[in-house]
Amino acid sequence: MNKVILMGRLTRDPEVRYTQTNNTLVASFSLAVNRRFVRQGEERQADFINIVAWSKLGEFCSKYFKKGQQVGIIGRIQTRTWDDDQGQKHYVTEVVAEEAYFADSKRDGDGAGSFENTFGSVAQTSPEFEISSNDDLPF
């Protein structure tokens with residue numbers, strides 16, 4: 001299984017480009033994700049993770065995500081290689097976003113809104129369904 005869940009702050013505004021073959025929108029950005037533990041006497045460390053979002057999800061990210069904003073990303077790790085014009089091989093590891101969420105606290109009001117008001121989201125592909133209190137759940 002290849003699944004990644006990240007929460008961090010954007011290091012820059014998403015950059016948008018379009019593929020040459022079929023003009024598909026691609027948004028790319030980087031997240032600064034804090035490491036869980038801090039060594040005594042040291043500052044908190046962060047990892048800088050490259051994110052790629054395609055099509056509608058990329059459009060959403062490019063429109064609503066800004067530098068410094070805290071977001072949640074669910075996706076998969078992807079590696080790829082290519083040779084440049086000088087014949088040098090390049091390797092890239094990135095996260096391909098499948099879902100994107102706002103993770104900042106609510107800006108207007110007291111900032112203590114409900115989950116639905118605080119976290120907005122968009123998913124690349126996910127079926128819509130609703131669970132009522134009458135449903136018989138296995139947990």
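This is a quick briefing on the fold, the central strand pairings, the largest pocket and a few residues to look at in the structure above. Keep in mind that the model is predicted. The protein has 139 residues, with buried ones making up 29% of them. In terms of secondary structure, you're looking at 2 helices and 7 strands. Much of what follows revolves around β3, a strand that pairs with β1, with β2 and with β4, and that also helps line the largest pocket.

**Overall layout**

- Reading from the N terminus, the elements come in the order β-β-β-β-α-β-β-α-β.
- Take the contacts between residues at least 6 apart in sequence: 52% of them join residues at least 24 apart.
- The accessible surface adds up to about 10500 Å², and carbon and sulfur atoms account for 47% of that.

**Strand β3 and its partners**

- β3 spans residues 25–34, and 9 of its 10 residues are buried, so the rest of the structure largely encloses this strand.
- With β4 (46–54), β3 runs antiparallel, and 9 bridges hold the pair together. One spot to find on screen is Phe29, whose bridge partner in β4 is Ile51.
- With β2 (15–18), β3 is again antiparallel, this time through 4 bridges. Tyr18 has Leu25 of β3 as its bridge partner.
- With β1 (residues 4–10), the count is 2 bridges, and the two strands run antiparallel. Here Arg9 sits opposite Ala32 of β3.
- As a general reminder when you trace these strands, side chains in a regular strand alternate between the two faces of the sheet.

**The largest pocket**

- Rolling a probe the size of a water molecule over the atoms shows where empty space is left.
- The largest pocket comes out at about 170 Å³ in volume.
- Its lining is made up of Arg12, Glu15, Arg17, Ser28, Phe29, Asn50, Ile51, Val52, Arg80, Val92 and Glu94.
- Sorted by character, that lining holds 5 charged residues, 4 nonpolar ones and 2 polar ones.
- Four strands each put at least two residues into the lining: β2, β3, β4 and β6 (89–102). The largest share is from β4, which supplies 3 residues.
- The Phe29–Ile51 bridge pair mentioned above turns up here too, as both residues belong to the lining.

**Ser28, a pocket residue worth a click**

- Ser28 is in strand β3 and is one of the residues lining the largest pocket.
- Is Ser28 buried or exposed? Its relative accessible area is 12%, and buried means under 20%, so Ser28 counts as buried.
- Which residues does Ser28 touch, once neighbours within four places in sequence are set aside? They are Arg12, Pro14, Glu15, Arg17 and Ile51.
- Among those contacts, Arg12, Glu15, Arg17 and Ile51 also appear in the pocket lining.

**Trp54, over on β4**

- Trp54 belongs to strand β4, and at a relative accessible area of 35% it is partly exposed.
- Trp54 and Ser28 are 26 residues apart along the chain, with 8.8 Å between their C-alpha atoms.

**Backbone angles to check**

- Most residues other than glycine have a negative phi. The residues below go the other way.
- Asn23 is not a glycine, yet its phi is positive at about 60°.
- Where is Asn23 found? It is in the loop between β2 and β3, a hairpin with 6 residues between its strands.
- Asn23 has 55% relative accessibility, and the cut-off for exposed is over 50%, so Asn23 is classed as exposed.
- Ser55 also has a positive phi, near 50°, and it is likewise a residue other than glycine.
- Ser55 is placed in helix α1, which covers residues 55–64.
- For Ser55 the relative accessibility is 31%, which makes it partly exposed.

Note on methods: Residues numbered from 1 in each chain as written. Predicted model: local features only at pLDDT ≥ 70, side-chain atom pairs only at ≥ 80, totals over all residues. Heavy atoms only, no water. 1 Å grid on protein atoms, 1.4 Å probe; cavity = no way out; pocket = protein on both sides within 12 Å on 5 of 7 lines; lining within 4 Å. Points joined across faces, edges and corners; volume = space filled by probe spheres on them. Nonpolar A, V, L, I, M, F, W, Y, C, P; charged D, E, K, R; others polar. Buried < 20%, exposed > 50% of the residue type's maximum accessible area, 1.4 Å probe, protein only. Pairing = 2+ DSSP bridges. Contact = heavy atoms within 4.5 Å. Areas by Shrake-Rupley, 256 points an atom, 1.4 Å probe, with all protein chains shown as cover.
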